[in-house]
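The following report describes the fold, the surface and the charged side-chain pairs of the structure shown below.

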Amino acid sequence: MEQEPTKKYQRPTWDEYFMEVANTISKRATCDRGRSGCVVAKDRQILVTGYVGSPIGLPHCDETGHQFKKVLHEDGSTTQHCVRTVHAEQNAICQAAKLGISLNGATLYCRMTPCRVCAMLIINCGIIKVICEKKYHAGSESEEILRNAGVKLEYVIEEVLKYDGQKG
């Protein structure tokens, strides 16, 4: 019986590695409308991580349900968002602040385009590059904010992330 040639193992690139870690971190998320995880790294070292979840001590979406708010956009369209949770990027930045870790010059890895607020926090803490697995359905404003601030934005896959309960 002839053996198939074994494929040589190929180590992931640093970007692939950190994105895999972000996806593992996302498994701790407590809102099923976009279980997201985030890794902030610099010089090939993980500095902090974060995932979507309610503030410490408050109930999670997975336990008590979502807290929806409708957002009216300038073009007249509306979208519905869960506001019970702190975003993965926000939690990672908060973790850095609690631990006294500078994020200046770092790269942030996340599952989808950061929201407007997260984009502004990313800019102000000195993160210089954001790598997203996929696009977020309402992420174009964030893309423009990051671009205008000189933060490099890349996507692993140029498509919109789909998730259960997605609206708008």
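Among contacts in the protein between residues at least 6 apart in sequence, 56% join residues at least 24 apart. This figure, like every other one in the report, comes from a predicted model. The secondary structure comprises five helices and seven strands, and their order along the sequence is α-β-β-α-β-β-α-β-α-β-α-β. Taken along the principal axes, the box filled by the C-alpha atoms is roughly 60 × 40 × 35 Å.

Of the 168 residues in the protein, 40% are buried. The protein exposes about 10400 Å², of which carbon and sulfur atoms supply 50%. On this surface, Trp14, Tyr17 and Ile46 form a nonpolar patch, and together they have about 270 Å² of accessible area. Tyr17 lies in helix H1, which covers residues 14-25. Because its relative accessible area is 36%, Tyr17 counts as partly exposed.

The charged side chains number 22 positive and 20 negative, and the centres of the two sets lie 4 Å apart. The structure holds seven salt bridges, and the table gives some of them, each with its N to O distance.

| Salt bridge | Closest N and O atoms |
|---|---|
| Asp62 and Arg35 | 2.9 Å |
| Glu154 and Lys129 | 3.4 Å |
| Lys152 and Glu154 | 3.3 Å |

In the salt bridge between Asp62 and Arg35, the pair links distant parts of the chain, with Asp62 in helix H2 (residues 61-64) and Arg35 in the loop between H1 and strand E1 (37-42), 27 residues apart. Asp62 is partly exposed, with a relative accessible area of 42%, and Arg35 is also classed as partly exposed, at 29% relative accessibility.

The salt bridge between Glu154 and Lys129 likewise links distant parts of the chain, since Glu154 belongs to strand E7 (residues 152-155) and Lys129 to strand E6 (residues 129-134), with their positions 25 residues apart in the numbering. At 25% relative accessibility, Glu154 counts as partly exposed.

Which residues are joined into one network by salt bridges that share partners? Glu154 meets Lys129 in one salt bridge and Lys152 in another, and through such shared partners Lys129, Lys152 and Glu154 form one network. Within this network, Lys152 is partly exposed, with a relative accessible area of 47%.

Conventions
Residues numbered from 1 in each chain as written. Predicted model: local features only at pLDDT ≥ 70, side-chain atom pairs only at ≥ 80, totals over all residues. Heavy atoms only, no water. Helix = DSSP H or I, 4+ residues; strand = E, 2+ residues; numbered from the N terminus. Buried < 20%, exposed > 50% of the residue type's maximum accessible area, 1.4 Å probe, protein only. Contact = heavy atoms within 4.5 Å. Areas by Shrake-Rupley, 256 points an atom, 1.4 Å probe, with all protein chains shown as cover. Lys, Arg positive; Asp, Glu negative; His and termini not counted. Charge placed at Lys NZ, Arg CZ, Asp CG, Glu CD. Patch = residues over 30% accessible without salt bridge, like charges linked within 9 Å, V, L, I, M, F, W, Y side chains within 5 Å. Salt bridge = Lys/Arg side-chain N within 4 Å of Asp/Glu carboxyl O.
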